[in-house]
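Good morning, and thank you for making time for this presentation. Please look at the sequence and the structure on the screen before I begin.

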Amino acid sequence: MYAPTGGVGRKEKIFFYLLYSIIILMTINLVTYSLIIFLRHSKKLKPQTEKLKEEVSVDSLVGASSQAFGNKILSKYFEEFKQSGVNHSIAFFDIDNFKSFNDTYNDTYGHNVGDEVR
């Protein structure tokens, strides 16, 4: 900003210093107000964020964990294993012919009936 120098009188200097002080206070006030608004909105969004995390982590139809959730859990346990040396076990189950079973019900009776059968 422009600061008067030279032949400016005492009253003008006081005026400009007061003007600068007001501008600084207004800026601080605006930043504080923006921060308060942000914090209020973030508190409102937290329950929605948790709900979305849950919806992404679990298949609502069968209640099984998603692949992304599984990868996250595996990474967590792998880090825990590296740090503590405690052994963990992993078991994967494959249901034979599930695809043909699923396709038969969905194609024959429709997706709604196939979803009910699962």
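Which side chains meet in a salt bridge? They are those of Glu-79 and Lys-82, with a distance of 3.0 Å from N to O. I should say at once that we are dealing with a predicted model. The structure holds one salt bridge, and its two partners both belong to helix α2, where three residues, or about one turn of the helix, separate them. Glu-79 itself is partly exposed, at a relative accessible area of 38%.

Let me now step back to the fold as a whole. The protein chain contains four helices and zero strands, and its pattern along the sequence reads α-α-α-α. How much of the chain counts as buried? Of its 118 residues, the figure is 5%. The accessible surface amounts to about 10,900 Å², and carbon and sulfur atoms contribute 61% of that area. As for contacts with a separation of 6 or more, 10% of them are between residues 24 or more positions apart.

I turn next to the aromatic residues. Two aromatic pairs are present in the structure. In the pair made by Phe-15 and Phe-16, the ring centres are 5.5 Å apart and the planes stand at 75 degrees; the arrangement is therefore edge-to-face, given that angles over 60 degrees are classed in that way. Phe-16 has a relative accessible area of 24%, so this residue is partly exposed.

How are the rings of Phe-78 and Phe-81 arranged? Their centres lie 6.5 Å apart and their planes are at 35 degrees, which means that the pair is tilted. These two residues are three positions apart in helix α2, which spans residues 67-84, and so about one helical turn lies between them. Phe-78 has 48% relative accessibility and is counted as partly exposed. Phe-81 is likewise partly exposed, at 35%. One further ring deserves mention: Lys-76 sits over the face of Tyr-77, 5.4 Å from the ring centre.

Let us move to helix α1, which covers residues 10-57 and includes Leu-19. Which residues form a nonpolar patch on the surface with Leu-19? They are Phe-15 and Ile-23, and the three together present about 250 Å² of accessible area. Phe-15 thus appears twice in this account, in the patch and in the edge-to-face pair with Phe-16. Leu-19 is partly exposed, with 33% relative accessibility.

Ser-57 is also in helix α1. Is Ser-57 buried or exposed? At 17% relative accessibility, Ser-57 counts as buried, because the cut-off for that class is under 20%. Leaving aside residues up to four places away in sequence, Ser-57 touches Ala-64, Ser-65, Ser-66 and Phe-69.

For contrast, consider Ala-68, a residue of helix α2. Ala-68 has 51% relative accessibility and therefore counts as exposed, since that class begins over 50%. From C-alpha to C-alpha, Ala-68 and Val-58 are 9.6 Å apart in space, while 10 residues separate them in sequence.

To close, I return to helix α2 of this predicted model. That helix carries both the salt bridge partners Glu-79 and Lys-82 and the two phenylalanines Phe-78 and Phe-81. Thank you for your attention.

Notes:
Residues are numbered from 1 along each chain as its sequence is written. This is a predicted model: local features need pLDDT of at least 70, side-chain atom pairs count only at pLDDT 80 or more; totals for chains, interfaces and linings use all residues. Side-chain values use heavy atoms; hydrogens and water are left out. Rings of Phe, Tyr and Trp (its six-membered ring) pair if their centres lie within 6.5 Å; planes under 30 degrees apart count as stacked, over 60 as edge-to-face and the rest as tilted. Buried means under 20% relative accessible area, exposed over 50%, partly exposed in between (1.4 Å probe, protein chains only). A charge sits over a ring if NZ of Lys or CZ of Arg is within 6 Å of the ring centre and within 35 degrees of the ring normal. Contact means heavy atoms within 4.5 Å. Accessible areas come from the Shrake-Rupley method with a 1.4 Å probe; for residues, only the protein chains shown count as cover. Patches are made of residues with over 30% relative accessible area and no salt bridge: like charges are joined within 9 Å, nonpolar side chains (Val, Leu, Ile, Met, Phe, Trp, Tyr) within 5 Å. A salt bridge is a side-chain nitrogen of Lys or Arg within 4 Å of a carboxyl oxygen of Asp or Glu.
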